[in-house]
Amino acid sequence: MLPFLEEMSRFIFLEDKPEKADVIFIPGGNQGVLADTAAQLWKDGYAPYVLPSGKYSKVTGRFEDARFQTEWEYFSYLLREKGVPESAILREDKATYTYENAIFSREVTDRMGISVRTGIICCQAYHARRCKLYYQVRFPETRFLICPTVTHGVARDNWFLTEEGRKLVLGEIERCGSQFHEIVREYGEMEK
């Protein structure tokens, strides 16, 4: 791989070995395989709770599978199908984009009195960096481990080979810059 592609890949694609955690987070979306990853981590005893997050995409204004009203409902159903009991599934069904997934997930854990010292994020592989950054903003005291799932066939070693892979990964790089302007400005003003 060319050095500049390796640098982009290293920035976007994150992956950690799972460790004991307080919560497993699923930051929204429509990729059911994320629930598979989270359910397996829960079954393996990595965390007592799974917190899927999401209403639907702000862009579409609805969840694409008509059987479900929200992303949370979709993921909750899949988690239960994979053996995660309802009592272990926390509820966040207001978020319409990734930063809201982090904002509203923090509200849920605070309301329930759950101290999240370590969290696992189950996200799409190419979405890992932005998810981690957003969750770190809302949970600054938490150590996050990324346990990603390859979706759309887009992985660290092949994303640059297809038009879809380039679009998804380069779009993530753009959003990591453009969507953090307000957050960085806020924190810069707080430090003054």
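# A guided look at the sheet and its helices

Visitor: In what order do the 4 strands of the open sheet stand?

Guide: This is a predicted model. Its 4 strands form an open sheet, and their pairing is parallel. Read across the sheet, the order is β2-β1-β3-β4.

Visitor: Which strands stand at the edges, each with a single partner strand?

Guide: An edge strand has one partner, so one side of it is left without a neighbour in the sheet. Neighbouring strands here are turned by 25° against each other on average, direction ignored. The edge strands are β2 (50–52) and β4 (143–146).

Visitor: Which residue of β3 is the bridge partner of F25?

Guide: Strand β1 covers residues 23–26 and strand β3 covers residues 118–121; the two run parallel and are joined by 3 bridges. One bridge pairs V23 with G119. The partner of F25 is I121.

Visitor: Which strands does helix α3 touch where it packs on the sheet?

Guide: Helix α3 is made of residues 71–81. Its direction makes about 145° with that of β2. The strands it touches are β1 and β2.

Visitor: Which residue in β4 stands opposite I120?

Guide: β3 and β4 pair in the parallel sense, over 4 bridges. The residue that stands opposite I120 is L145.

Visitor: Are the residues on the two faces of β3 buried or exposed?

Guide: In a regular strand the side chains alternate between the two faces of the sheet. In β3, T118 and I120 lie on one side, with G119 and I121 on the other. Both faces are covered, and these residues are all buried.

Visitor: At what angle do the axes of helix α5 and helix α6 cross?

Guide: Helix α5 takes in residues 128–138 and helix α6 residues 163–178, and their axes come within 9 Å. Angles under 35 degrees count as roughly parallel. The two helices are therefore roughly parallel to each other, with a crossing angle of roughly 25°.

Visitor: How many charged residues does the contact of α5 with α6 have?

Guide: On the α5 side the contact is made by R129, R130 and L133, which meet E172, R175 and C176 in α6. By class, 2 of the residues are nonpolar and none is polar. The number of charged residues is 4.

Visitor: How many of the 11 residues of α5 are buried?

Guide: The buried residues of α5 include R129 and R130, both of which meet residues of α6. A128, C131, K132, Y134, Y135 and V137 are also buried. The helix is mostly covered, and the number buried is 8.

Visitor: How many disulfides does the structure hold?

Guide: A disulfide is a covalent bond between the sulfur atoms of two cysteines. To count as one here, the sulfur atoms must be within 2.5 Å. For C122 the nearest cysteine sulfur, that of C147, is 5.7 Å away, and for C176 the nearest, that of C131, is 9.3 Å away. The number of disulfides is 0.

Visitor: Why does C176 count as buried?

Guide: Buried means under 20% relative accessible area. C122 counts as buried because its relative accessibility is 0%. C176 also counts as buried, because its relative accessibility is 11%.

Visitor: What is the relative accessible area of F104?

Guide: F104 lies in helix α4, residues 98–111. Leaving aside neighbours within four places in sequence, F104 is in contact with E92, K94 and A95. F104 is buried, and its relative accessible area is 15%.

Technical notes: Residues numbered from 1 in each chain as written. Predicted model: local features only at pLDDT ≥ 70, side-chain atom pairs only at ≥ 80, totals over all residues. Heavy atoms only, no water. Pairing = 2+ DSSP bridges. Axes fitted to C-alpha atoms, helices over the stretch in contact; angles between N-to-C directions. Contact = heavy atoms within 4.5 Å. Parallel < 35°, antiparallel > 145°, perpendicular 65-115°, else oblique. Nonpolar A, V, L, I, M, F, W, Y, C, P; charged D, E, K, R; others polar. Buried < 20%, exposed > 50% of the residue type's maximum accessible area, 1.4 Å probe, protein only.
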